[in-house]
Amino acid sequence: MHSATVGLIEREQLAELIVLAAVAQEHLLILGPPGTAKSAVVRRVASALGGRYFEYLLGRFTEPSELFGPVDLRRLREGVVETDVSGMLPEAEVAFLDEVFLGSTAILNTLLGVLNERRFRRGHTQIECPLRVCVGAANALPDDESLAAFADRFLLHLFVEPVPDHQLEALLEGGWQSERAPLAHRTELSDIDELSRRVPLVDLSHARGLLADAIRKLRAAGLSLSDRRIVKVQRLIAAATVLAGRDTATDADLWPLFYVMPTREAQASAQDVLRDSMSAAANPTLRAAVEHAVLQPVSRAARLVEAARSCLQGGADAPAAATIAEALLREIDANFDAKSLPPELAAERARLIERVATPT
């Protein structure tokens, strides 16, 4: 999925969580200010996954027909109220709903059926929806209780921020590059479906006790989760296990619990409370998502090593290679001093310095 974020700086985590959600057959809510490349990443990941994609920007005056389809006039003349869902959300396999909380009560009530049960009901129309994952986006969590209950239907919550100062050069270069990069289809939804079929087969017996202990720690710190979210997080842990190439969950797979915490404040507190519980967190496929969740130097170093090698393997003529190398050097130096720098990362740092010093 990293190919889907070419030129989109600091957004690997979002791409990885979309894949995790798709494999777990759950949904993801992205919260952050406008202009933080939320929609760009979702479009690229959807293109990479393949399948039928539906995207819509909701407003206060959005009509249900704009998402679900118009009433079939031919059938209406026969006295039957049916909806023509051709090309609309009920037929989508991957969906992105921007400003999702601006939808009317009628829209949100219908969406609940699509998200929770994968069923669309309207008039005489009742169909099964092939939806694998829905990504919702908004600037912030709503204060309204009914809307907050709707937000809770998105099991994963990701809070995004503008790109930090030390990566501004990479942002500028990457933005220029991404505008010219074609959207590539790289996999099949059947691959996601095969991974999803393995999720219920994962052995959670060991991880279940660890998860219960972690939830007790959260409760002791005043951080509560609904019973529904506690039960559903097991699907995310099992999906993370599958994406790590294993069929038995361990303490390395508890990290999705972080993203189930519903608010930014709860997530920040959970990182402190669960620091020891998640010290073993790792996933070779979802490194950026793990690193952000656990804030452990080991996971950060592994991700930087991989990013450095990817940059260096691009060759001397690779577009923006020097700019990316400089950004990686700044990030490495911002996170590690000479004493804490792991040997493997130190070696890649030296190669990056050589790459920057060598004229193209």
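1. Which residue takes a positive phi just after α13? In this predicted model, the residue in question is L295, which follows directly on that helix and has a phi of about 50 degrees.

2. The helix that comes before L295 deserves a description of its own. Helix α13 spans residues 287–294 and is mostly covered, since six of its eight residues are buried. The buried positions in α13 are A288, A289, V290 and E291, together with A293 and V294, and a reader going through the helix may wish to note that a glutamate, E291, is listed among them.

3. A strand arrangement can be traced next. Five strands make up an open sheet with parallel pairing, and their order across the sheet is β2-β3-β6-β1-β7. At the edges lie β2, residues 53–57, and β7, residues 156–159, each of which pairs on one side only. From one strand to the next, the twist averages 15 degrees.

4. The pairing at the β2 edge can be followed down to individual residues. Strand β2 runs parallel to β3, which covers residues 94–98, and five bridges join the two strands. Within this pairing, E55 has F96 of β3 as its bridge partner.

5. On the packing of nonpolar residues, a general remark may help: in soluble globular proteins, nonpolar side chains tend to be buried together. Here the largest nonpolar core has 66 residues, and those with the most contacts inside it are L20, L28, W255, L257 and Y259. Helix α1, residues 12–24, gives the most to this core, contributing 10 residues. The core also draws on two domains, with at least three residues coming from each of domain 1 (1–179) and domain 2 (205–294).

6. L257 offers a closer view of that core, being one of the residues with the most contacts inside it. When its neighbours within four places in sequence are left aside, L257 is in contact with L211, A214, L218, L225, V233, L274 and M278. There is also a second, separate core, which has 29 residues and includes L67, V100, L131 and C134.

7. Finally, is A48 buried or exposed? This residue sits in helix α2, which runs over residues 38–49, and A48 counts as buried because its relative accessibility is 1%, whereas the cut-off for buried is under 20%. A48 also illustrates how sequence and space can be read side by side: A48 and E188 are 140 residues apart in sequence, while their C-alpha atoms are 8.1 Å apart in space.

Definitions and conventions. Residues numbered from 1 in each chain as written. Predicted model: local features only at pLDDT ≥ 70, side-chain atom pairs only at ≥ 80, totals over all residues. Heavy atoms only, no water. Buried < 20%, exposed > 50% of the residue type's maximum accessible area, 1.4 Å probe, protein only. Helix = DSSP H or I, 4+ residues; strand = E, 2+ residues; numbered from the N terminus. Pairing = 2+ DSSP bridges. Axes fitted to C-alpha atoms, helices over the stretch in contact; angles between N-to-C directions. Core = buried A, V, L, I, M, F, W, Y, C linked by side-chain atoms within 4.5 Å. Domains from an automatic or database assignment. Contact = heavy atoms within 4.5 Å.
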